[in-house]
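This report describes strand pairing and the surroundings of one acidic residue in a protein model. Please look over the sequence and the structure before reading on.

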Amino acid sequence: MVALAVLLAAAVLVSGTVPLHKSQLEAWFHQKVKPCTERKGTIDHALLIAELNKRVIKVMKDGSGDCKTISDAIKMIPAGNTKRVIVHIGPGVYNEQVRIEKTKPFVTLFGLPSSMPNLTYSGGATVVVESEYFVASNIIFSNIPLESSGNKIDWKRNDIKSKGEDASSQAQKNSSPKSSGNKIDWERNDLKSKGEDASWHAQKNSSSKPSEKKSKGAHAQTQAQTQTQKHTQTQTQTQTQIQKQTQTHTQTQTQTQAQAQTQTQALKISGDKAAFYSCKFMGIKDTLHDEQGRHFFKDCTIQGALDFIYGSAKSLYLNSKVHVLADNGLTSIVAPDRSSKSKDTGFVFVHCDVTGTNSKTYLGRAWSKHPQAIYAYSSIGVINPAGWFKKLHPHQGAGTNTEFLEYMNQGPGAKTSKSDKFSKTLSASEAQSFISLAYIQASTWLLPAP
């Protein structure tokens, strides 16, 4: 049995098909995707020449590099470039729009894993890549109007927290027993003020000693009146705090819903043969415009609320996290755009983690009449029981060739009893062509992470 297990593991490593067990994923990938020096007979000749002639441009905000902005670094690359140009980006937030023209192939944006640079912009797509053989590693692509909207990103949680939400939390903290003199009666599950507690004790003491002198009784009555006034003031303050918190929450909720109606493209990629390693894509709506071409995403995080992975590309997402932001409106992950069944496009998610707390979230919805999206070997969290949104994008007609496919997923959202008639559970033989590097013809262009 041990010998058989070893043989099966070896077979997985040499196979082009992604292994079932996540523990084998890294060994399998390193076995399949070798450096260019070991693949001179298989990879594209132009790519091989570029990789053997590298150039590095350093971008540092403090001026210690070759330039201070990424846009200036791209300007340093000549049209018709034939070398692998590694733009090494130092830590910090780069608030600029970056465009890599079609005439500038073989560009790599590289950041250090311990201090990933944040490329952000709020007046359009943050980064636009039109050229071939693009690579990004350890880069944060974000498109969230932090300064104008008051939002901020909690990178440890990979989530967006609004300024209002932060203020609400602080207000709650300030109204805690320690800071306000209030305390919580856990048996009553209620808020009891310090004045109310003293008043209750005064009543108890006055009832237990009816024979006390009149002066003492008058004094106690005065104290009780004072305490009642304090209690009323405390109640008024607490109600005001609650009203402010409610108003802040409503404003935050309205703001998030409004932003969900506005494009927040962190990346627009139309160049062919592009790879992304350990990158983060942060937005709300249309975060990642995977427009066209063959693309590979590994160990990445993509976050948004509505159609935040969309386009007409043919892409493989491997071992990545897809995080859905909480929102009361329609939330959907993918929106594949395939106008006809003859078009060789689609999105494949393998060994990905789908996370979020909105039980109304759809795995995807149709952007055109023949969309195709596949989840395989993935962990799917809380989603809409229907799984997929069977209505097409507004003003589109009904589609009979919608391909929403699933294969051997797990988690609460992986149940195959979904009501959408356009979704399908693949057999092992049907899944093979999707859960493979051959899906994006990777053998001719995909290289290990830089």
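Strand 1 (residues 54–59) pairs with strand 2 (residues 84–89) in the parallel sense over 6 bridges; two strands count as paired if DSSP finds at least two bridges between them. Helices (H or I, at least four residues) and strands (E, at least two) are DSSP runs, numbered from the N terminus. The model is predicted: local features need pLDDT of at least 70 and side-chain atom pairs pLDDT 80 or more, while totals for chains, interfaces and linings use all residues. Residues are numbered from 1 along each chain as its sequence is written, and side-chain values use heavy atoms, without hydrogens and water.

An open sheet is formed by 8 strands in the order 3-6-9-16-19-22-25-28, with parallel pairing. Its edge strands, strand 3 (93–95) and strand 28 (379–380), each pair on one side only. Strand 28 is joined to strand 25 (residues 353–355) by 2 bridges, in the parallel sense.

Two residue pairs in paired strands are listed here.

| Residue | Opposite residue |
|---|---|
| K58 | H88 in strand 2 |
| V354 | I380 in strand 28 |

E96 lies in the loop between strand 3 and strand 4 (98–100). What does the side chain of E96 reach at 2.9 Å? That partner is the backbone nitrogen of I70. E96 is buried and has no salt bridge; buried means under 20% relative accessible area (1.4 Å probe, protein chains only), and a salt bridge is a side-chain nitrogen of Lys or Arg within 4 Å of a carboxyl oxygen of Asp or Glu. K61, the nearest side chain of opposite charge, is 7.0 Å away.

Definitions and conventions. Buried means under 20% relative accessible area, exposed over 50%, partly exposed in between (1.4 Å probe, protein chains only). Lys and Arg count as positive and Asp and Glu as negative; His and the chain ends are not counted. A polar contact is a pair of N or O atoms within 3.5 Å; within protein, one must be able to donate a hydrogen and the other to accept it, and residues adjacent in sequence count only if both atoms are side-chain atoms.
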